[in-house]
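Colleague: I would like to go through the labels used for this model and hear the reasoning behind each.

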There are 4 protein chains.
Amino acid sequence: MSSSREELKKKLMDIEDTAEVTVRFSDVDAGGIVHFRNYLIYLDDGFVHLINFFTCNAPFKDLVHREIFFPVRKVDIAYEHSAIFGDIIVVKSKIVHIGNTSFTFYHEMFRKENMQLLAKGNCVRLIVDGKQSKLLNILDFFSSCML
Amino acid sequence: MSSSREELKKKLMDIEDTAEVTVRFSDVDAGGIVHFRNYLIYLDDGFVHLINFFTCNAPFKDLVHREIFFPVRKVDIAYEHSAIFGDIIVVKSKIVHIGNTSFTFYHEMFRKENMQLLAKGNCVRLIVDGKQSKLLNILDFFSSCML
Amino acid sequence: MSSSREELKKKLMDIEDTAEVTVRFSDVDAGGIVHFRNYLIYLDDGFVHLINFFTCNAPFKDLVHREIFFPVRKVDIAYEHSAIFGDIIVVKSKIVHIGNTSFTFYHEMFRKENMQLLAKGNCVRLIVDGKQSKLLNILDFFSSCML
Amino acid sequence: MSSSREELKKKLMDIEDTAEVTVRFSDVDAGGIVHFRNYLIYLDDGFVHLINFFTCNAPFKDLVHREIFFPVRKVDIAYEHSAIFGDIIVVKSKIVHIGNTSFTFYHEMFRKENMQLLAKGNCVRLIVDGKQSKLLNILDFFSSCML
């Protein structure tokens, strides 16, 4: 791997992103707690926030409008405590592995009020060019879209 | 309007479709009742069921895969009683108006167990060819896709 | 109606609330536009924001945790333009009618970027005390919970 | 462990449940494929179906109405292929581990048309008595609620 690719990789893996999301009434189920599927939404918010932070010359939404997608290949979550309606959730996100055509995010979600850990987990994503229906190389993609 | 178009219009408006949908745990909110947005999902199920019934030579899903969409222009719903988790909802659907580029569905949703009316309302839809980004004429569309 | 109730009613109906919500990737459907059910979520965000603004001594979330709910009795929406992923939506909300046990909100949703009107509509809500399973009088409720 | 508890455990772990769910238009995202969070909904459908099959003298919905909840403690999913609108998904579910206060389900989801594996994963759940806010012992719960 060339040194510029090593540097890019290091730069990507050094990002420590923090996003916030507020729990909606409709996120909560009949048990009075956030339904477990919705943590995938919060984790998605963390992912978008991190990518937006990084690719400041092409906001994430423009990537999507150009049919660049980031489908999920694997996800695992451990639920520690329950969020309830009105909680502000702090989503901390890091890239912990970069392979050829997949990369892995580690997310932690905290209740902002007391920074209690609510959930944590990993999410493996691909980068797909929808127009050409092909997988993109992770570092190639970021070297072309970075400032 | 030619007589064949009149007949097609009558045929469309004579359909009385009945679909069923079961309330999921995740459809219910912290108040223990189905969140009001989810009735739009059930109404959508009724719509898809009716269209599937009618266009039997091109299932609805194939239309969507060909980028034919049915965006909603207006919707109104009156909520009469609350559905709860596990309820089976009977969705009755009828086309009550056919204009040039929009048509109106009337949906009633009942709790199957006692046929109590849960919600009722109208939904005005368009037909859009996504590839050409153009509105389709309603009767033209159905005359071309019917058996 | 006593003059203090008249004043409260006027005060409630003078509120012009503005909230913002960002369109998630998961809000968008296969047609590339926000699915019509999700405008009910944005409208719900506007409602919560308005109530939070008003009842500053009891945030909305505390009401819900005390089992005070605001079920929707009727909703109507006209969809004017389509929101897409990444849009910031400005939700403007007003109370336009206050009856004994129901009150009506009028919401307008704009794309922040160009203030294009995306959707507008009315939403009739009740106030329910879930513990006692009873409807509350609207003005009684707000006179007891206001600063 | 007494022999009747061993038998109950074996009986629970011998269940091989199969449920079906149809992909809605609103389950699909702007990439044209089912959004990854929705597989948690399908997995939830498999769970409810299995529990319903087993506890035939107390349908799952009655448990929920008595405030017995099954919160998720952990979930992991590997996504193999993408479901699209209109697909019928076959959800196969098994209990693969029973501890004191948690039990683990293994779910596989297939596209019915060609039985292609779409996703597979494990889900660890608890049983909570919401009225008493306490965790229930898994085998105690099932021995009391079985036929």
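Modeller: This is a predicted model. A starting point is the interface where 18 residues of chain B are in contact with 18 residues of chain C.

Colleague: Which elements give two or more residues to the side of chain B that touches chain C?

Modeller: They are α2 (38-54) and β3 (72-79) of chain B. The largest share, eight residues, comes from β3(B). By class, that side of chain B has 12 nonpolar, two polar and four charged residues.

Colleague: What makes β3(B) and strand β3 (residues 72-79) of chain C a pair?

Modeller: Pairing requires at least two bridges between the strands. β3(B) and β3(C) have five bridges, in the antiparallel sense. In one of the bridges, B:Val75 has C:Ile77 of β3(C) as its partner.

Colleague: How do you know what relation holds between chain A and chain B?

Modeller: A turn of 180° and a shift of 0.0 Å along the axis lay chain A on chain B with an RMSD of 0.0 Å. That is the relation of a two-fold axis.

Colleague: Why is it said that the copies meet through the same surface?

Modeller: Because 100% of the interface residues of chain A are also interface residues in chain B.

Colleague: Why are α1(A) and α4(A) called roughly perpendicular?

Modeller: Helix α1 (residues 3-14) and helix α4 (residues 138-145) of chain A pack at an angle of about 85°, with their axes 10 Å apart. Angles of 65 to 115 degrees count as roughly perpendicular, and α1(A) and α4(A) are therefore given that label. The contact is made by A:Arg5, A:Leu8, A:Lys9 and A:Leu12 of α1(A) with A:Leu139, A:Phe142 and A:Ser143 of α4(A).

How values were computed: Residues are numbered from 1 along each chain as its sequence is written. Chains are lettered from A and ligands numbered from 1 in the order in which they are written. This is a predicted model: local features need pLDDT of at least 70, side-chain atom pairs count only at pLDDT 80 or more; totals for chains, interfaces and linings use all residues. Copies are superposed by least squares on the C-alpha atoms of residues with pLDDT of at least 70 in both. Two residues are in contact if their C-beta atoms, placed from the backbone, lie within 7 Å. Axes are lines fitted to C-alpha atoms, for helices over the stretch in contact, and angles run from 0 to 180 degrees between N-to-C directions. Helices (H or I, at least four residues) and strands (E, at least two) are DSSP runs, numbered from the N terminus. Angles under 35 degrees count as roughly parallel, over 145 as roughly antiparallel, 65 to 115 as roughly perpendicular and the rest as oblique. Ala, Val, Leu, Ile, Met, Phe, Trp, Tyr, Cys and Pro count as nonpolar, Asp, Glu, Lys and Arg as charged, and the others, Gly among them, as polar.
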